[in-house]
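I opened this chain to look up its overall form, one helix and a handful of residues. My entries follow in the order in which I made them.

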Amino acid sequence: MSTHAPHAPQAAQSAAQPGAPVTLPATLDEAVAALTAMPAAVPVAGGTDLMAAVNSGRLRPAALVGLARISEIRGWEYQDGHALLGAGLTLARMGRPDFAALIPALAAAARAAGPPQIRNVGTLGGNIVSAAPTGDTLPVLAALEAAVLVAGPSGGPGEGGVARREIPVGHLLSGREMLRPGEIVGYVRVPLLHAPQTFLKATGRTGPGRALASASVVLDPARRGVRCAVGAVAPMPLRPLEAERWVASLIDWDGDRGLAPEALHAFGEYVAMACIPDPSPPEDGGETPVLPAAALHLRRTVAALARRGLGRALA
C-alpha cells in the first residue's frame, strides 16, 4: 500500500506488465481474497512508491490489487483511548487542523512529507509498508508506540476467510515481524496521550524535501516518561531508550516540567551519541578511527533536533 487517489486505477494500469490483471476490490476482505488468489500481485492505491520502483526498473508487477476504492480505510475513529487510523489516509488529510488536534506530531510529519502532489496521494499505510528510512511519519509512530492491524487469509490454502492480527510498528519496521503472503495493513492504532508531542526534520534545501535527519519527541505524563525516535539516520527509526529514561528522571512532572538549557543540551548530545556512536576501537589495539566529517555534522544535526523537540514539548 503506497498511495491513495482517484488516479489509482490509471497508475495501476500503467505500472503492471502489459495484459496483467488489475483487481479493484471494494472492501479489505475482498483485497485479501484477491491477494490470496494471486500470490504474485502487488497492492497499490495511488502509486507513488510503486511507480518510483517501476520507473527505476526495480519492479514490474505481474498483477495489481488497487486499494483506492476501499472506503473503510480512508478515515479514522476513536477506540478505547486510541485513534484507529485507516491505512488509506492521505498525508494531506492528516495535515489538516482537525487531525492535528488529535495527533499533533503525526500531522506535522504529514505536512513535511514533500510537495502537495506527493501529500495528496501518499498514504499512511504506504509510508509504513514501504519503510523508507526517510519516511516522515515513521519516527512519530515509533515514538507513539503505535501498532498496525493487519488483515490476511485464515486457515490453509483454499479454506477462505480473513484473519486479523496486530503488530507493533517497531517490530514491522525492524523486521522482527513481517507481513505474510496475502496480508495487508488495514489500520494503524495510535495511543491518544493528550500530551505535548513534536516532530522536526532537517533537509538539504529550503522547503519540503527528503529528510537528512528527523526526530519526534512525545511526553507521556501518565507514565512520567519521555519518548524519542530519530529517523533517516538508519534503516529504521531509532529509540535512544537510556536518554529517554535519563531525561524523564529530571522532569518535575508535578510542577512546570521545565528543564534548564544545560539539561536540554545534554539530552540532545545523549540522543545523538546513541544514534551515531563513535567507531569501536580495533581489536588489534591500534588507533581508534574517527567519525568522518559528514557523520559528525549529522550527529550535530540530530542533537539539535532532539534538543529543540524536547524544549518545545516542555514549553
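The entries go from the whole chain to single residues.

**Basis.** I am working with a predicted model, in which local features need pLDDT of at least 70 and side-chain atom pairs count only at pLDDT 80 or more, while totals for chains, interfaces and linings use all residues. I number residues from 1 along each chain as its sequence is written, and side-chain values use heavy atoms, with hydrogens and water left out.

**Whole chain.** I looked up the secondary structure and found 13 helices and eleven strands. These are DSSP runs numbered from the N terminus, with helices being H or I of at least four residues and strands being E of at least two.

I then checked the radius of gyration, which is taken over C-alpha atoms, against the globule rule of 2.2 Å times the number of residues to the power 0.38. The chain has 21 Å, which agrees with the value near 20 Å for a compact globule of 315 residues. Along the principal axes, the C-alpha trace spans about 60 × 50 × 40 Å.

I noted that 50% of the 315 residues count as buried. Buried means under 20% relative accessible area, exposed over 50%, and partly exposed in between, with a 1.4 Å probe and protein chains only. The exposed area of the chain is about 14600 Å², of which carbon and sulfur atoms supply 55%; the areas come from the Shrake-Rupley method with a 1.4 Å probe, and for residues only the protein chains shown count as cover.

For contacts (heavy atoms within 4.5 Å), I took those with a separation of 6 or more, and 62% of them join residues 24 or more positions apart.

I counted charges next: the chain has 27 positive and 25 negative side chains, and the centres of the two sets lie 8 Å apart. Lys and Arg are positive, Asp and Glu negative, and His and the chain ends are not counted. A charge is placed at NZ of Lys, CZ of Arg, CG of Asp or CD of Glu.

**Helix H13.** I looked at H13, residues 293–314, which has 22 residues and reaches 32 Å from first to last C-alpha, close to the 32 Å expected at 1.5 Å a residue. The expected span is 1.5 Å times one less than the number of residues. Its buried residues include Arg299, Thr301, Leu305, Leu310 and Leu314. Among the elements that cover the buried residues of H13 are strands S9 (197–203), S10 (211–220) and S11 (225–231), along with helices H11 (241–248) and H12 (261–275).

**Ser214.** I found Ser214 in strand S10, and it is buried because its relative accessibility is 2%. Leaving out residues up to four places away in sequence, Ser214 touches Phe199, Ala229, Ala232 and Leu305, among others.

**Positive phi.** Most residues other than glycine have a negative phi. I noted two exceptions here. Ala232 has phi near 75° and sits in the loop between S11 and H11; at 18% relative accessible area, Ala232 is buried. Glu145 has phi of about 55° and belongs to the loop between helix H9 (137–144) and strand S6 (147–153). Glu145 counts as partly exposed because its relative accessibility is 40%.

**Val150.** Is Val150 buried or exposed? Val150 lies in strand S6, and its relative accessible area of 1% makes it buried. Its contacts, not counting residues up to four places away in sequence, include Ala163, Ile167, Leu179, Ile184 and Val185. Val150 and Leu238 are 88 residues apart along the chain, and 23 Å separates their C-alpha atoms.

**Other distances.** Gly135, in the loop between helix H8 (124–130) and H9, is buried at 11% relative accessibility. I read 26 Å from C-alpha to C-alpha between Gly135 and His265, which are 130 residues apart in sequence. Pro43, in strand S2 (residues 41–44), is partly exposed at 22% relative accessibility. The C-alpha atoms of Pro43 and Val140 are 24 Å apart, with the two positions 97 residues apart along the chain.
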